[in-house]
Amino acid sequence: MMIPVRCFTCGNVVGEHWEEFKARAREGDEDPAEVLDELGVERHCCRRMLVSHKDLVDVVAPYQ
Ligand SMILES: [Zn+2]
């Protein structure tokens, strides 16, 4: 699925950081913790939204 726009726990907007996080920490070789620090995502609840996310929308879309 797509990244949720807001953190499930605190409601902070995290979706806007997904593309940059993915490019730098997943596809690039930067440390995910440093990328999150630079993006200003400080709470654990918000960080887990990005760290634990996997884009599945293109996998699931054909079956809808
Ligand atoms: Zn949060």
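This is a guided tour of a predicted model, moving from the whole chain to its helices and then to two individual residues.

**The whole chain**

Begin with the protein chain displayed as a cartoon. Four helices and zero strands are present, and from the N terminus on the elements follow the order α-α-α-α. Taken along the principal axes, the C-alpha atoms fill a box of roughly 35 × 30 × 15 Å. Colouring by accessibility is a useful next view: of the 64 residues, 30% count as buried. For contacts between residues at least 6 apart in sequence, 58% join residues at least 24 apart.

**Helix H1**

Select residues 18-26, which form helix H1. Which residues of this helix are buried? They are Trp18, Phe21, Lys22, Arg24 and Ala25. The buried residues of H1 pack against H2 and H3, and both of those helices should now be added to the view.

**H1 against H2**

Keep H1 and show H2, residues 32-39. The axes of H1 and H2 lie 9 Å apart, and the two helices pack at an angle of about 150°. Since angles over 145 degrees count as roughly antiparallel, H1 and H2 are therefore roughly antiparallel to each other. The crossing of H1 past H2 is right-handed.

Next, display the side chains at this contact. From H1, select Glu20, Phe21, Arg24 and Ala25; from H2, select Pro32, Val35, Leu36, Glu38 and Leu39. By class, six of the residues in this contact are nonpolar, none is polar and three are charged.

**H2 against H3**

Hide H1 and add helix H3, residues 44-51. The axes of H2 and H3 come within 11 Å and cross at roughly 120°. H2 is thus oblique to H3, and their crossing is right-handed.

Which residues make the contact? On H2, select Ala33, Leu36 and Asp37; on H3, select Arg47, Leu50 and Val51. These residues divide into four nonpolar, no polar and two charged. Leu36 of H2 deserves a second look, since Leu36 is listed in the contact with H1 and also in the contact with H3.

**Arg24**

Return to H1 and centre the view on Arg24, which lies in that helix. Is Arg24 buried or exposed? Its relative accessible area is 18%, and because buried means under 20%, Arg24 counts as buried.

Now show the polar contacts of the Arg24 side chain. One is with the side chain of Glu20, at 2.8 Å. Another is with the side chain of Glu30, at 3.0 Å. Leaving aside neighbours within four places in sequence, select Asp29, Glu30, Val35 and Glu38 to see what Arg24 is in contact with. Of these, Val35 and Glu38 are among the H2 residues that meet H1.

**Met2**

For the last stop, move to the segment before H1, where Met2 is found. Met2 has a relative accessibility of 63% and therefore counts as exposed. What does Met2 touch, not counting residues up to four places away in sequence? Select His53, Asp55 and Val57 to display these partners.

Finally, place a distance label between the C-alpha atoms of Met2 and Val14. The two residues are 12 apart along the chain, and their C-alpha atoms are separated by 12 Å.

Conventions: Residues numbered from 1 in each chain as written. Predicted model: local features only at pLDDT ≥ 70, side-chain atom pairs only at ≥ 80, totals over all residues. Heavy atoms only, no water. Axes fitted to C-alpha atoms, helices over the stretch in contact; angles between N-to-C directions. Parallel < 35°, antiparallel > 145°, perpendicular 65-115°, else oblique. Left-handed = near helix turned anticlockwise from the far one by under 90°. Contact = heavy atoms within 4.5 Å. Nonpolar A, V, L, I, M, F, W, Y, C, P; charged D, E, K, R; others polar. Buried < 20%, exposed > 50% of the residue type's maximum accessible area, 1.4 Å probe, protein only. Polar contact = N/O pair within 3.5 Å; in protein donor to acceptor, adjacent residues only side chain to side chain.
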